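Here are two short exercises to work through with the viewer open. Try each one before you read its solution.

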Amino acid sequence: MAKTEHYFTKFEEENFYHVYNRTVNKQPMFKTENNYEYFLKQYDKYLSPVADTYCYCLFGNHFHLLIRINRLADLIAFKKLSNPEDLQMDKTAHQIVSHQFKKFFQSYAMAFNKQHDRIGTLFQTPFKRTCVDKDDYFTHLIYYIHANPQLHGLIHDFREWKWSSYKRILMANLSKLKKKEVFDWFGGMTKYIQFHEDHYKDILGDIRLEDI
């Protein structure tokens with residue numbers, strides 16, 4: 001179960017956060033590959049301007065993200081540029097980032113509902129988030145997020161799951177994922193790969209960071 005404070009944690013500039021959520025009544029959030037692709041497209045549209053993404057995983061009825069919030073000055077500049085007519089503009093990091101998440105969830109839910117002839121709320125509210133403020137937590141969280149599909153029995157080897165950042169971080173193509181920063185954190189690409197291989201049993205056997 002998520003801790004109560006994970007529903008009310010405030011976003012603050014330049015902090016790291018584990019953001020995760022699922023659908024109401026554990027209904028499917030993705031029914032086609034196009035759904036996954038559209039989710040990532042809308043995520044990029046609404047969240048990339050306000051936060052950097054270090055890893056993610058999408059599957060079944062929920063998702064996990066590891067993000068870092070941009071500087072407040074950059075957040076405010078983005079809001080002014082995107083909503084110049086808004087005189088009551090949000091002025092805190094939490095207000096700005098939460099508003100972007102709200103717009104993101106709404107945009108995806110509207111398209112998903114229309115495509116699958118569905119009505120009503122899709123995501124649980126409020127969505128869950130926790131501040132990542134310890135080195136060990138950061139390291140293990142990246143693994144945990146990537147390994148989640150295997151933990152939930154969706155695939156035999158999480159490294160083959162298409163809708164996580166594990167493989168995308170290894171690709172040489174340009175991406176908004178903070179690939180270099182992730183590699184630097186682990187001590188290079190080889191050590192990033194090795195950590196995922198070495199810690200499978202240890203982490204999945206002993207650590208359930210947030211069982212949603």
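What follows is a pair of tasks, one on two helices and one on a single residue.

This is a predicted model, where local features need pLDDT of at least 70, side-chain atom pairs count only at pLDDT 80 or more, and totals for chains, interfaces and linings use all residues. Residues are numbered from 1 along each chain as its sequence is written, and side-chain values use heavy atoms, with hydrogens and water left out.

**Exercise 1.** Work out how helix 4 and helix 7 cross, and which residues make the contact.

*Solution.*
- Step 1: find helix 4 at residues 135-151 and helix 7 at residues 189-198; their axes come within 10 Å and cross at roughly 70 degrees.
- Step 2: classify the angle. Helix 4 and helix 7 are therefore roughly perpendicular (65 to 115 degrees).
- Step 3: get the hand. Helix 4 passes helix 7 in a right-handed crossing, meaning the near helix is turned clockwise from the far one by less than a right angle.
- Step 4: list the contact (heavy atoms within 4.5 Å). Helix 4 brings T139, H140, I142, Y143 and H146, while helix 7 brings Y192, F195 and H196.
- Step 5: sort by class, which gives four nonpolar, four polar and no charged residues.

**Exercise 2.** Describe the surroundings of R68.

*Solution.*
- Step 1: place R68 in strand 3, residues 62-69.
- Step 2: check exposure. R68 has a relative accessible area of 29%, so it counts as partly exposed (between 20% and 50%, 1.4 Å probe, protein chains only).
- Step 3: look beyond neighbours within four places in sequence; R68 is in contact with E14, N15, F16, V50, A51, D52 and Y54.
- Step 4: zoom in on E14, whose backbone oxygen lies 3.1 Å from a polar side-chain atom of R68.

Key. Axes are lines fitted to C-alpha atoms, for helices over the stretch in contact, and angles run from 0 to 180 degrees between N-to-C directions. Helices (H or I, at least four residues) and strands (E, at least two) are DSSP runs, numbered from the N terminus. Angles under 35 degrees count as roughly parallel, over 145 as roughly antiparallel, 65 to 115 as roughly perpendicular and the rest as oblique. Ala, Val, Leu, Ile, Met, Phe, Trp, Tyr, Cys and Pro count as nonpolar, Asp, Glu, Lys and Arg as charged, and the others, Gly among them, as polar. A polar contact is a pair of N or O atoms within 3.5 Å; within protein, one must be able to donate a hydrogen and the other to accept it, and residues adjacent in sequence count only if both atoms are side-chain atoms.
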